[in-house]
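Here are a few exercises to work through with the model open beside you. Try each one by eye before reading its solution.

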Amino acid sequence: MSDQRALDEQWMREALIEARVAAARGEVPVGAVLIDATGALITRAHNLRETLEDPTAHAELLSLRWAAMDRRSWRLPDVTLYVTLEPCPMCAGALVNARVPRVVWGCDDPKAGAVTTLFNIGTDPRLNHRFEITRGVLADECSDELKRFFKKLREKKNKP
């Protein structure tokens, strides 16, 4: 295994921890961590849409928002975002706007994935910024978190 792949897996495990925290709170289990160029953790976040009653409270956006506030700059040109699920159009657009150079995700999102599945927002040459992508890091583990969560929701809904 390459050094980069080992680092990607290490940080995706951290994002998975955030996804599990989200699930425990009744949120869709998506977690994200933002790492700087030296390999230091900048932010960690998980979905908080239900908790905050905010449609934009996705793990990726919260990570970007907190990092930008901490750095006092909306430009984040020296970071890598690790997220358990392929970013949606809103999050992919924010990653472009923040000038994030690299995005790594676990499982693809067939219903809303906007980086490779439904759209190519991060690599579209018409946009003013593009980012490097690495997909499928710990994909099975990331997918399993989502499947368990939605299975429990269905079971709870179908209980008499």
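For helix packing, axes are lines fitted to C-alpha atoms over the stretch in contact, and angles run from 0 to 180 degrees between N-to-C directions. Please keep in mind that this is a predicted model.

**Exercise 1. Get an overview of the fold: state which elements the chain has and in what order they come.**

Solution. Begin with the count: the protein has 5 helices and 5 strands. Next, walk from the N terminus and note each element, which gives α-β-β-α-α-β-α-β-β-α. Then turn to overall size: the radius of gyration is 15 Å, close to the 15 Å from the globule rule for 160 residues, so the protein is as compact as a globular protein of that length. Finally, along the principal axes, the C-alpha atoms fill a box of roughly 50 × 40 × 30 Å.

**Exercise 2. Describe how helices α1 and α5 pack, and which residues meet.**

Solution. First find the geometry: α1 (residues 3-24) and α5 make an angle of about 5 degrees, and their axes are 10 Å apart. Angles under 35 degrees count as roughly parallel, and α1 and α5 are therefore roughly parallel to each other. Now look at the side facing each partner: α1 brings Met 12, Leu 16, Arg 20 and Ala 23, which meet Glu 141, Cys 142, Glu 145 and Phe 149 of α5. Sorted by class, this contact of α1 with α5 has 5 nonpolar, no polar and 3 charged residues.

**Exercise 3. Repeat the analysis for α3 and α4, adding the handedness of the crossing.**

Solution. Helix α3 (residues 59-71) and helix α4 (residues 89-97) pack at about 25 degrees, with axes 9 Å apart. By the cut-off used in the previous exercise, α3 and α4 are therefore roughly parallel to each other. The crossing of α3 past α4 is left-handed. From α3, the contact draws on Glu 60, Leu 61 and Leu 64; from α4, on Met 90, Cys 91, Ala 94 and Leu 95. The classes here are 6 nonpolar, no polar and 1 charged.

**Exercise 4. Work out the strand order of the sheet, and find the helix that packs on it.**

Solution. The 5 strands form an open sheet in the order β2-β1-β3-β4-β5, with mixed pairing. Each of β2 (41-46) and β5 (132-135) has a single partner strand, so these two stand at the edges with one side left without a neighbour in the sheet. On average, neighbouring strands are turned by 15 degrees against each other, direction ignored. For one pair in detail, take β1 (residues 31-36) and β3 (residues 79-85): they run antiparallel and are joined by 5 bridges. Ala 32 has Val 83 of β3 as its bridge partner. To finish, helix α5 (residues 139-158) packs on the sheet, touching β3 and β4 (102-107), and its direction makes about 60 degrees with that of β4.

Note on methods:
Residues are numbered from 1 along each chain as its sequence is written. This is a predicted model: local features need pLDDT of at least 70, side-chain atom pairs count only at pLDDT 80 or more; totals for chains, interfaces and linings use all residues. Side-chain values use heavy atoms; hydrogens and water are left out. Helices (H or I, at least four residues) and strands (E, at least two) are DSSP runs, numbered from the N terminus. Angles under 35 degrees count as roughly parallel, over 145 as roughly antiparallel, 65 to 115 as roughly perpendicular and the rest as oblique. A crossing is left-handed if the near helix is turned anticlockwise from the far one by less than a right angle, and right-handed if clockwise. Contact means heavy atoms within 4.5 Å. Ala, Val, Leu, Ile, Met, Phe, Trp, Tyr, Cys and Pro count as nonpolar, Asp, Glu, Lys and Arg as charged, and the others, Gly among them, as polar. Two strands pair if DSSP finds at least two bridges between them. The radius of gyration is taken over C-alpha atoms; the globule rule is 2.2 Å times the number of residues to the power 0.38.
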